[in-house]
Amino acid sequence: MLAAGLLLGPVGPAYAGDPPYAGARWDRVAGELAAAPLFVDDDLADVLDGPARTRIRAAMKAAAAQLGVPVFVTVIPNPLDSESEGSDSSFLFGLHQRLGRDGLYLIADHDGRLEEEGFQIPRDLGYRSEERNPTDERDPFADLPARIEQVLTAVAGSPVTAPETPRRPSPPDPFGQERDSPEGPEFWGPFLLGVLLAGPLIGSLLYGLFAGTRAIIRSGGRGRPQVRTSPKVRELRSQATRELNELARLLPPADDAAGRIAALTSYDAARILSDDVGRRPAGRDADAALDLVGVIVLATQGRIALAEGLSRPPALCQANPLHGRAVRARTLSGLPPGRVCTECAGVSAKAVRLRVLRVPGGRPYPQVEGRWQRGFGDPDLAKRVLESLGVD
């Protein structure tokens with residue numbers, strides 16, 4: 001089995017320093033930005049020499065003058081085990097909260113990728129540009145000053161609009177479910193007060209209790225989960241990594257453990273597929289989006305096989321595998337033959353078509369040529385994916 005060589009650790013690189021999910025790094029970077037608006041972390045100090053930093057500072061000064069608000073640029077690793085779980089946007093929101101100043105915030109992470117957020121700036125930031133991605137992945141920082149200049153120029157030249165603060169992103173919920181995130185003052189005010197007064201241990205226990213209760217409500221409550229029909233590639237990348245890491249953690253060492261073989265096969269397929277997609281797929285890459293959904297599905301099937309001791313994992317909903325487990329066969333126009341979830345089984349054909357998984361750009365997934373045209377609702381999905389990847 002391939003898993004013997006793959007189970008060497010969690011997906012994604014790790015960085016020494018701050019503990020996961022702590023705010024110490026935010027506080028440190030905010031303190032540096034309060035003194036100077038360009039911060040380059042020691043881990044990436046070598047990627048920008050003196051002339052490059054001078055060029056970036058000049059671009060920041062020009063953009064700030066045109067926008068009428070401060071511009072803050074941070075060059076720092078942002079791995080998946082960081083306080084923002086690898087989300088550059090979440091990192092910027094946390095930084096804005098710590099620094100307490102509105103303006104344009106931009107991050108260049110360890111992949112050389114750029115992300116920006118504007119807080120009360122008089123510009124429409126609903127645009128997208130390709131300057132965020134390195135032109136040469138072998139040397140992702142070679143063109144970093146030029147790309148930062150391009151993004152700052154694009155923001156400053158965007159249409160004028162009323163200043164506003166964007167909605168804070170939240171980490172994706174497990175298995176494709178979305179709910180309102182308790183990140184407002186109603187939650188964080190009492191929580192942080194408890195942490196400050198009772199100490200880190202009590203704060204950690206309270207948060208663990210909250211997270212556990214929230215998970216129970218999601219799994220057994222009466223409310224219907226809001227499942228994404230058109231998930232974003234960035235959200236899928238983060239969720240796929242989390243799901244894959246969780247399956248790796250659960251895999252038992254005993255050869256005779258029930259469901260282990262099926263789970264290992266699912267893990268093998270998911271891990272290779274995840275590596276094939278890469279850490280930073282393009283935001284409108286339909287193939288990458290579907291491959292990441294495949295990783296999530298395979299990891300889910302592996303966990304179910306372990307939990308229930310199954311030699312063959314169950315099929316998931318053919319309309320949208322993020323709905324969950326398939327319960328009934330249903331043939332629908334435009335969908336591969338297969339089984340669907342409880343809700344898709346109980347609504348009209350028109351309603352099911354509205355629930356079909358769509359790729360960036362809005363196309364239903366069966367319209368995208370490739371390995372997923374046959375759908376995701378296959379108990380032998382792992383074997384099929386390995387075959388498509390050329391793995392025996």
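The following exercises, each with a worked solution, concern a predicted model.

**Exercise 1. Strand S2 and its partners**

Task: Determine whether the residues of strand S2 (residues 71-75) are buried or exposed, and to which strands S2 is joined.

Solution:
- Begin with burial. Five of the five residues of S2 are buried, and the strand is therefore mostly covered, given that buried means under 20% relative accessible area.
- Next, sort the side chains by direction. Val-71, Val-73 and Val-75 point one way from S2, while Phe-72 and Thr-74 point the other way.
- Turn to strand S1 (residues 38-40). S1 pairs with S2 in the parallel sense over three bridges, and Leu-38 has Val-73 as its bridge partner in S2.
- Then consider strand S3 (residues 103-108). S2 and S3 run parallel and are joined by five bridges; Val-75 has Ala-108 as its bridge partner in S3.
- Finally, add the helix. Together with helix H3 (residues 50-67), S1 and S2 make a β-α-β unit that is left-handed.

**Exercise 2. The buried side of helix H5**

Task: Establish where the buried residues of helix H5 (residues 144-156) lie around the axis, and what covers them.

Solution:
- First, check the length. H5 has 13 residues and reaches 18 Å from its first C-alpha to its last, close to the 18 Å expected at 1.5 Å a residue.
- List the buried residues: Leu-144, Pro-145, Arg-147, Ile-148, Val-151, Leu-152, Val-155 and Ala-156.
- Because these residues cover an arc of only 170° around the axis, they are on the same side of H5.
- Identify the cover. The elements covering the buried residues of H5 include H3, S2, S3, strand S4 (114-119) and strand S5 (121-123).

**Exercise 3. A loop residue, Asn-320**

Task: Explain why Asn-320 counts as buried, and state which backbone atom its side chain reaches.

Solution:
- Locate the residue. Asn-320 lies in the loop between helix H10 (286-308) and strand S9 (328-330).
- Apply the cut-off. Asn-320 has 0% relative accessibility and therefore counts as buried, the limit being under 20%.
- Inspect the side chain of Asn-320: at 2.9 Å, it reaches the backbone nitrogen of Leu-322.

**Exercise 4. Helix H13 and what follows**

Task: Name the buried residues of helix H13 (residues 381-388) and describe the phi of Gly-390.

Solution:
- The buried residues of H13 are Leu-381, Ala-382, Arg-384, Val-385 and Leu-386.
- Among the elements that cover these residues are helix H9 (260-277) and H10.
- Gly-390, just after H13, takes a positive phi of about 75°.

How values were computed:
Residues numbered from 1 in each chain as written. Predicted model: local features only at pLDDT ≥ 70, side-chain atom pairs only at ≥ 80, totals over all residues. Heavy atoms only, no water. Buried < 20%, exposed > 50% of the residue type's maximum accessible area, 1.4 Å probe, protein only. Helix = DSSP H or I, 4+ residues; strand = E, 2+ residues; numbered from the N terminus. Pairing = 2+ DSSP bridges. Right-handed = clockwise from strand over helix to strand, strands pointing away. Polar contact = N/O pair within 3.5 Å; in protein donor to acceptor, adjacent residues only side chain to side chain. Expected span 1.5 Å × (residues − 1). Arc of directions from axis to C-beta. Contact = heavy atoms within 4.5 Å.
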